[in-house]
Amino acid sequence: MRIVAVADTHLYHRELSIPDGDVFVHAGDLCQGGHIRELAIALDWIAELPHRQKIVVAGNHDWAFARDKPAALRLLGPGVRYLEDEAIEIGGVRFVLLMHASWDHHVELNRKLKEHTGKTDQGTGALLKDLKQ
């Protein structure tokens with residue numbers, strides 16, 4: 001399985017050359033200010049990518065997921081899955097997110113890490129992180 005992962009595109013995604021692969025992962029910070037219209041632009045781009053499976057993680061600039069999660073989730077295109085409080089398994093590989101919690105989630109990392117790792121204590125084949133510390 002070929003996994004292609006990016007993060008911190010902040011709406012500059014059209015400047016990237018994305019290689020082919022089986023799974024595309026955006027590990028957070030699709031947006032700049034986090035508005036729903038920004039998220040729609042970024043998710044439209046992800047929907048255009050040829051990868052069969054796509055995973056999106058909200059970063060601390062992706063406030064639309066915190067402000068209006070149902071509206072944000074409606075913007076996900078075919079084959080795009082949002083990763084938050086669960087593991088996603090694709091082709092026998094488990095994708096997990098160890099931390100998302102409060103926005104900005106970097107603040108509570110030490111306090112919340114044990115809680116979130118307890119939810120994903122099974123074998124893991126792919127670990128993605130969006131941590132600045």
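1. Helices and strands are DSSP runs numbered from the N terminus, a helix (H or I) having at least four residues and a strand (E) at least two. In these terms, L75 is placed in the loop between α3 (69–74) and β4. The model discussed in this note is predicted.

2. On the overall composition: the chain contains four helices and seven strands. Followed along the sequence, these elements give the pattern β-β-α-β-α-α-β-β-β-α-β. The chain has 133 residues, of which 47% count as buried. About 7100 Å² of the chain is exposed, and carbon and sulfur atoms supply 49% of that area. When contacts between residues at least 6 apart in sequence are considered, 60% join residues at least 24 apart.

3. On the parallel sheet: four strands make up an open sheet, with the order β1-β2-β3-β4 and parallel pairing. The edge positions belong to β1 (3–6) and β4 (80–82); each has a single partner strand, so one side of each is left without a neighbour in the sheet. On average, and with direction ignored, neighbouring strands of this sheet are turned by 20° against each other. Strands of a sheet pair through backbone hydrogen bonds, in either a parallel or an antiparallel manner.

4. On the pairing of β2 with β3: strand β2 (residues 23–26) runs parallel to strand β3 (residues 53–56), and four bridges join the two. Within this pairing, H26 has V56 of β3 as its bridge partner.

5. On the surroundings of L75: how buried or exposed is L75? Its relative accessible area is 28%; because buried requires a value under 20% and exposed a value over 50%, L75 is classed as partly exposed. Apart from its neighbours within four places in sequence, L75 is in contact with I36, L39, A40 and L43. The C-alpha atoms of L75 and I41 are 9.5 Å apart, while 34 residues separate the two in sequence.

6. On the aromatic pair of F24 and W45: the chain has two aromatic pairs under the ring-distance rule. In the pair of F24 and W45, the ring centres are 5.7 Å apart and the planes stand at 90°, so the arrangement is edge-to-face. The pair links distant parts of the chain, since F24 belongs to strand β2 and W45 to helix α1 (residues 36–48), 21 residues apart. F24 and W45 are both buried.

7. On the aromatic pair of F65 and Y82: which arrangement do the rings of F65 and Y82 adopt? Their centres are 4.3 Å apart and their planes are at 5°, so the pair is stacked. This pair also links distant parts of the chain, with F65 in helix α2 (residues 64–67) and Y82 in strand β4, 17 residues apart. F65 is buried, with a relative accessible area of 3%. Y82 likewise counts as buried, at 10% relative accessibility. Y82 thus lies in β4, a strand at the edge of the parallel sheet.

8. On the hairpin of β5 and β6: strand β5 (residues 88–90) pairs with β6 in the antiparallel sense over three bridges. I90 has V93 of β6 as its bridge partner. Two residues stand between the strands of this hairpin, and G91 takes a positive phi near 55°.

9. On the side chains of β6: in a regular strand, side chains alternate between the two faces of the sheet. In strand β6 (residues 93–96), V93 and F95 point one way, R94 and V96 point the other way, and all are buried. The reviewer may wish to note that the buried residues here include R94.

10. On positive phi in the loop between β1 and β2: D8, although not a glycine, has a positive phi of about 55°. D8 lies in the loop between β1 and β2 and is partly exposed, with a relative accessible area of 32%. L11 is also found in the loop between β1 and β2, and has a positive phi of about 70° although it is not a glycine. At 23% relative accessibility, L11 counts as partly exposed.

Technical notes
Residues numbered from 1 in each chain as written. Predicted model: local features only at pLDDT ≥ 70, side-chain atom pairs only at ≥ 80, totals over all residues. Heavy atoms only, no water. Pairing = 2+ DSSP bridges. Axes fitted to C-alpha atoms, helices over the stretch in contact; angles between N-to-C directions. Buried < 20%, exposed > 50% of the residue type's maximum accessible area, 1.4 Å probe, protein only. Contact = heavy atoms within 4.5 Å. Areas by Shrake-Rupley, 256 points an atom, 1.4 Å probe, with all protein chains shown as cover. Phe/Tyr/Trp six-rings, centres within 6.5 Å; stacked < 30°, edge-to-face > 60°.
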